[in-house]
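Reader: Hello! Could you take me through one part of this model in close detail, and then show me how the rest fits around it?

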Amino acid sequence: MATDPILALDARHVWHPFTQARTAPDPTVIVRGEGASLYTADGTRLLDLVSSWWVNLHGHAHPHIAGAIAAQAHALEHVMFAGFTHPPAATLAARLAAQLPGDLNRLFYSDNGSTAVEVALKMALQAAHNRGEARTRLLAFEGGYHGDTFGAMSAGASSGFYAPFQDKLFDVTFLPYPATWAGDPAVEAKEAAALQALDAALGEDVAAIILEPLLQGAAGMRLTRPAFVDEVMRRVRGAGALVIFDEVMTGFGRTGQLWAARHLQEVPDLMCLSKGLTGGFLPMGVTATTQALYHAFDGDAFAQAFAHGHSYTANPLACAAALASLDLTLSPQTAGHWARIGAAHAAFMPELMAHPHIQQVRQCGTVLAAEIHGAGDYGGNTSLELRQFFAARGLLLRPLGNVVYLLPPYIVTNEELRRGHEALLAAATGFGRPPGRAAS
């Protein structure tokens with residue numbers, strides 16, 4: 001049997017993310033995308049129900065975004081952003097600022113979600129330094145994931161991915177995360193304990209807290225209630241520290257609102273955006289902050305400036321993609337998709353909760369997640385077997401350990417969603433066992 005030449009090249013030269021190469025099967029070669037689907041070289045269709053790691057909002061190869069990139073490529077592909085600007089960057093900043101909550105109207109461009117987080121952490125720490133404040137400590141929630149650069153790893157060290165680098169990470173105080181789900185009887189007690197831990201951690205040395213508002217993604221789509229997040233923000237602000245929202249995953253409608261922040265009464269001091277920012281077409285990150293924080297870097301000496309940047313900061317092609325994606329995101333049709341997907345998930349939840357092998361069902365906007373009891377931990381064999389189980393049914397789903405979740409592009413149809421729902425039930429039947437039963 002002839003070896004696929006692309007797989008042969010891949011096997012010889014490519015290093016894949018979050019993959020143990022010795023034990024992983026060959027990757028699937030994708031040659032085309034259209035709508036909510038991806039296609040292999042032999043024409044096999046995979047329904048992408050995780051938006052290709054949560055980046056695709058409006059469907060693969062969407063002509064409006066593709067056309068905007070092509071037009072921009074014929075005008076200006078790139079220019080360094082130190083000392084220069086260009087229409088796509090300035091226009092995108094203004095359009096995003098008009099949609100962001102509160103006074104978040106100063107935007108710093110970077111390359112991806114990790115760098116957007118790095119920028120926010122550095123801004124919070126340097127702002128305190130510039131003001132002569134001894135605020136050098138950060139707070140974060142257990143299980144939070146904020147990226148794979150060193151600052152982001154430090155803020156996500158409790159996620160369990162970073163053991164080889166533990167002694168290189170800076171100090172972050174981690175707080176218990178009161179994850180909740182439909183019918184959770186202990187949520188109020190967990191929230192009270194988390195707030196008590198927050199009060200004990202706060203002090204004059206705290207610069208900021210960073211959190212994924214309402215929904216921790218990589219930790220397993222874990223939810224908290226809006227009222228809890230608001231109370232956390234009030235207490236942090238009362239102690240003179242800043243609040244950083246990592247909306248890399250939750251932004252651009254995933255929670256049923258444009259931002260998770262729109263579910264809240266309080267407004268963060270910094271917000272990190274990426275993933276859906278360009279509709280899944282090009283890498284890009286944004287860190288938004290307030291005028292007050294921006295002016296903390298004013299001064300006659302360069303030492304007070306924010307000395308941070310990237311070669312591809314505010315790349316015009318990425319800005320053009322983001323502008324085109326924003327056109328679609330802000331359309332009434334897309335808001336209708338958020339409501340439709342959320343309603344379809346909500347209607348399915350009773351059926352899911354009735355399955356004997358399912359527990360801790362939760363939903364937030366377009367995101368639905370549930371745990372298959374007994375299906376193993378992250379990185380284990382069962383997680384891979386579940387991916388293969390779904391792929392055999394023509395579905396791209398990538399469970400987080402025993403957590404199976406759906407986070408689809410907004411153009412997914414209700415019929416396509418139902419395929420995902422039914423596959424989740426089938427996986428629970430095949431891979432799970434009733435809670436309380438010992439493993440065989």
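**A close look at helix α8**

Author: Happily. Arg235 and Glu231 both sit in helix α8, four residues apart, which is about one turn of the helix. Please keep in mind that this is a predicted model. The side chains of Arg235 and Glu231 come together in a salt bridge, with 2.7 Å from N to O. Glu231 has a second partner in Arg234, and there the N to O distance is 3.3 Å. Arg234 also belongs to helix α8, which covers residues 226–238, and is three residues from Glu231, again about one turn of the helix.

How buried or exposed are these side chains? Glu231 has a relative accessibility of 22%, so it counts as partly exposed. Arg235 is partly exposed as well, at 26%, and Arg234 is partly exposed with a relative accessible area of 36%. The three belong to a wider network of salt bridges that links Asp199, Glu231, Arg234, Arg235, Arg237, Glu266 and Asp269.

The structure holds 17 salt bridges. Another one of them joins Arg135 and Glu133, where the closest N and O atoms are 3.8 Å apart. In this pair, Arg135 is buried, because its relative accessible area of 14% is under 20%, whereas Glu133 is partly exposed at 34%.

Now for the wider setting. The domain assignment splits the protein into domain 1 (5–61 + 331–431) and domain 2 (65–330). Their contact takes 31 residues from domain 1 and 32 residues from domain 2. The C-alpha centres of the two domains lie 25 Å apart. About 2600 Å² of area is buried between domain 1 and domain 2, and carbon and sulfur atoms give 66% of that area. The count of salt bridges between domain 1 and domain 2 is zero, while 17 residue pairs are in polar contact there, both residues being at pLDDT 80 or more. On the side of domain 1 that touches domain 2, at least two residues each come from α2 (51–54), α11 (332–353), β13 (358–364), β14 (367–372) and β16 (403–406). By class, that side of domain 1 has 21 nonpolar, nine polar and one charged residues.

Two residues in the loop between β11 and β12 also deserve your attention. Ser274 is placed in this loop and counts as buried, because its relative accessibility is 5%. The side chain of Ser274 reaches the backbone oxygen of Met284 at 2.6 Å. Not counting residues up to four places away in sequence, Ser274 touches Asn112, Gly113, Val248, Phe252, Met284 and Gly285. Leu282 is in the loop between β11 (270–273) and β12 (285–290) too, but is partly exposed, with a relative accessible area of 30%. Leaving aside neighbours within four places in sequence, the contacts of Leu282 are Ile69, Leu317, Ala318 and Ala321.

Finally, a serine in a strand: Ser37 is found in β2, residues 37–40. Ser37 is buried, because its relative accessibility is 2%. Its side chain makes a polar contact with the side chain of Arg45 at 2.5 Å. Beyond the neighbours within four places in sequence, Ser37 is in contact with Arg45, Leu46, Leu47, Asp48 and His60.

Key: Residues are numbered from 1 along each chain as its sequence is written. This is a predicted model: local features need pLDDT of at least 70, side-chain atom pairs count only at pLDDT 80 or more; totals for chains, interfaces and linings use all residues. Side-chain values use heavy atoms; hydrogens and water are left out. Domain bounds come from an automatic or database domain assignment. Contact means heavy atoms within 4.5 Å. Buried area is the accessible area (1.4 Å probe) that two parts lose on being put together, summed over both. A salt bridge is a side-chain nitrogen of Lys or Arg within 4 Å of a carboxyl oxygen of Asp or Glu. A polar contact is a pair of N or O atoms within 3.5 Å; within protein, one must be able to donate a hydrogen and the other to accept it, and residues adjacent in sequence count only if both atoms are side-chain atoms. Ala, Val, Leu, Ile, Met, Phe, Trp, Tyr, Cys and Pro count as nonpolar, Asp, Glu, Lys and Arg as charged, and the others, Gly among them, as polar. Buried means under 20% relative accessible area, exposed over 50%, partly exposed in between (1.4 Å probe, protein chains only).
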